[in-house]
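Colleague: I'm still new to reading these models, so could you walk me through one part of this one up close? Please take it slowly and link it to what lies around it.

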Amino acid sequence: MKLAYFCQILVFIILYSSSTFVTSQDSCSSNLVQIQFPIPFDTSSLLCSPVWPAHNFILRYAKASSDVWSFIFSIPLDKKAYAAIGFSKDGNMVGSSAIVGWMPSAGAGGMKLYYLGGKSQDEVVHDKGDLYIMNASFVPASAKLGYFIFQLKTTQPSSNLIFAIGPNGQFPDYPNYALPQHIDQTSITIDYSKGSTSGNSNLNLLRSHGVLNIMGWSILMIIGSIIARYFKQWDPTWFYFHASIQAFSFVAGVIGIICGLVLSKKLNTKVTHHKNIGIVIIILGFLQVLAVVFRPGKESKIRKYWNWYHHNVGRILIIFAVLNTFYGLHLGGEGSKWFLAYGVIIAVLVIIVVILEIRMRIIARRETPSKDNSSYPQAVELPY
């Protein structure tokens, strides 16, 4: 009897856990969860797309009439954060309109339309936007699953969609409904006729552009320059390390700039200053390559002029690269974590340069013969 009783309890726990899991997770292979309120449109012909698998965002939609589209956007509620779906003309966040929903407690939530006029909080305006929304509500389907239910009055909604998720426990509050900065976002292009998406290619291209340029033109380029200036006592090892790192940096940087140009063309964005600085950087990079190709011998009379040219063009390149990286992070709408991480890396490299520079000058001064010990003092050239 005790064993049978135990088995009954175990089966009940398994069934309860399974039902809870099913109602807390959504997928295109599962049916809509029955909710307390009737959905104000036909759901039998909805197409389904897993628009953001990383956060289990599911979008169902259908054309209800010639100028009305129906949507059900499902999100998990266990993150305790707002979620947003935006419709963009060009794939960018700025200039798009977004529907934002939040549910800080069971059954008590909010849903508003926002116009994303810029990247600062005061440029994100609630109850504004280009969307004509009808029959909108944000309802819980279960304790861990919520539905954005709405219709758009349009003949064809934009195929460029953006999604975002907010910080844990921070929601828009009455009366200003200021929207806290998101902690994660993505963008897709959707084919409404097939229910297929492009797989976030624009976001991947954006991240590739950023990472390659950060590593290539600034971080690795600085490390290669440090090796050339402060480690010449290990000849010729320093030269091979310097040449290899700078060559890899140049290739990565060129690929990164190409990614940026392709991205700019796909999104039809106007980032003139960022692009122009990038062109200057790549020209300086090619000038450095030419300098290596036409490097004069150590005994040549013009070697000192070549050294001056090679060193200063490299320094100008690095300065432009660091400034343009910070500017690019701003244009890309990256959060403060990216700025902080990159800033810390650059600060550490600057500190290392200062320490090595002081050390090199102290050593050079010690090795300079004093006037008392030599009637013919020799000038000591700082290594470059």
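How many bridges pair strand E3 with E9, and in which sense do the two strands pair?

Modeller: Happy to. Keep in mind that this is a predicted model. Strands E3 (residues 68–76) and E9 pair in the antiparallel sense, over nine bridges. To find one end of that pairing, look for Pro 76, which stands opposite Leu 145 in E9.

Now let's stay with E9 itself, which covers residues 145–153. Eight of its nine residues are buried, so this strand is largely enclosed by the rest of the structure. E3 is one neighbour of E9, and strand E8 (residues 133–142) is another, joined to E9 by seven bridges and also running antiparallel. Here Met 134 in E8 has Gln 151 as its bridge partner in E9. If you trace the chain from E8 into E9, you go round a hairpin with two residues between the strands.

One handy idea for looking at any of these strands: in a regular strand, the side chains alternate between the two faces of the sheet.

Next, look at what the side chains around here are doing. The largest nonpolar core has 28 residues, and among those with the most contacts inside it are Phe 71, Phe 73 and Phe 148. Several strands each give at least two residues to this core, including E3, E9, strand E4 (83–88) and strand E5 (96–105). E3 supplies the largest share, four residues.

Phe 71 is a good one to click on. Leaving out residues up to four places away in sequence, Phe 71 touches a whole list of others, including Phe 148, Ile 149, Phe 150 and Leu 152. Also on the list of residues touching Phe 71 are Leu 59, Phe 87 and Tyr 192. By the way, there's a second, separate core too, with 24 residues, including Met 221 and Ile 282.

Back to the rings. Phe 73 and Phe 148 both belong to a cluster linked by ring pairs, along with Trp 52, Phe 57, Phe 138 and Phe 163. Two of those names turn up again in the pairing of E1 and E2: the bridge partner of Trp 52 is Phe 57 in E2. E1 and E2 pair in the antiparallel sense over four bridges. They form a hairpin with four residues between them, and in the turn Asn 56 has a positive phi of about 55 degrees.

What about the loop that follows E3? Lys 79 has its place there, between E3 and E4. At 30% relative accessibility, Lys 79 counts as partly exposed. Not counting residues up to four places away in sequence, Lys 79 touches His 55, Ile 165 and Asn 168. Lys 79 and Pro 167 are 88 residues apart in sequence, but their C-alpha atoms are 8.9 Å apart in space.

Let's zoom out for a moment. The protein has six helices and twelve strands. Of its 384 residues, 40% count as buried. Among contacts between residues at least 6 apart in sequence, 61% join residues at least 24 apart. On the outside, the protein exposes about 22400 Å², with carbon and sulfur atoms supplying 63% of that.

Rings meet in the helices as well. A search of the whole structure finds 20 aromatic pairs. One of them is Phe 250 with Phe 286, an edge-to-face pair at 5.2 Å centre to centre, with 85 degrees between the planes. This pair links distant parts of the chain, with Phe 250 in helix H3 (residues 237–267) and Phe 286 in helix H4 (residues 272–293). Phe 250 is buried, because its relative accessible area of 16% falls under the 20% cut-off. Phe 286, at 45%, counts as partly exposed.

Phe 326 and Tyr 342 make another edge-to-face pair, 4.9 Å centre to centre and with 65 degrees between the planes. Here Phe 326 sits in helix H5 and Tyr 342 in helix H6, 16 residues apart. Phe 326 is partly exposed at 28% relative accessibility, while Tyr 342 is buried at 3%.

One last thing to click on: the charged end of Lys 112 sits over the ring of Tyr 177, 4.6 Å from its centre.

Note on methods. Residues are numbered from 1 along each chain as its sequence is written. This is a predicted model: local features need pLDDT of at least 70, side-chain atom pairs count only at pLDDT 80 or more; totals for chains, interfaces and linings use all residues. Side-chain values use heavy atoms; hydrogens and water are left out. Buried means under 20% relative accessible area, exposed over 50%, partly exposed in between (1.4 Å probe, protein chains only). Two strands pair if DSSP finds at least two bridges between them. Contact means heavy atoms within 4.5 Å. Accessible areas come from the Shrake-Rupley method with a 1.4 Å probe; for residues, only the protein chains shown count as cover. Rings of Phe, Tyr and Trp (its six-membered ring) pair if their centres lie within 6.5 Å; planes under 30 degrees apart count as stacked, over 60 as edge-to-face and the rest as tilted. A charge sits over a ring if NZ of Lys or CZ of Arg is within 6 Å of the ring centre and within 35 degrees of the ring normal. A nonpolar core is a set of buried Ala, Val, Leu, Ile, Met, Phe, Trp, Tyr and Cys residues joined through side-chain atoms within 4.5 Å.
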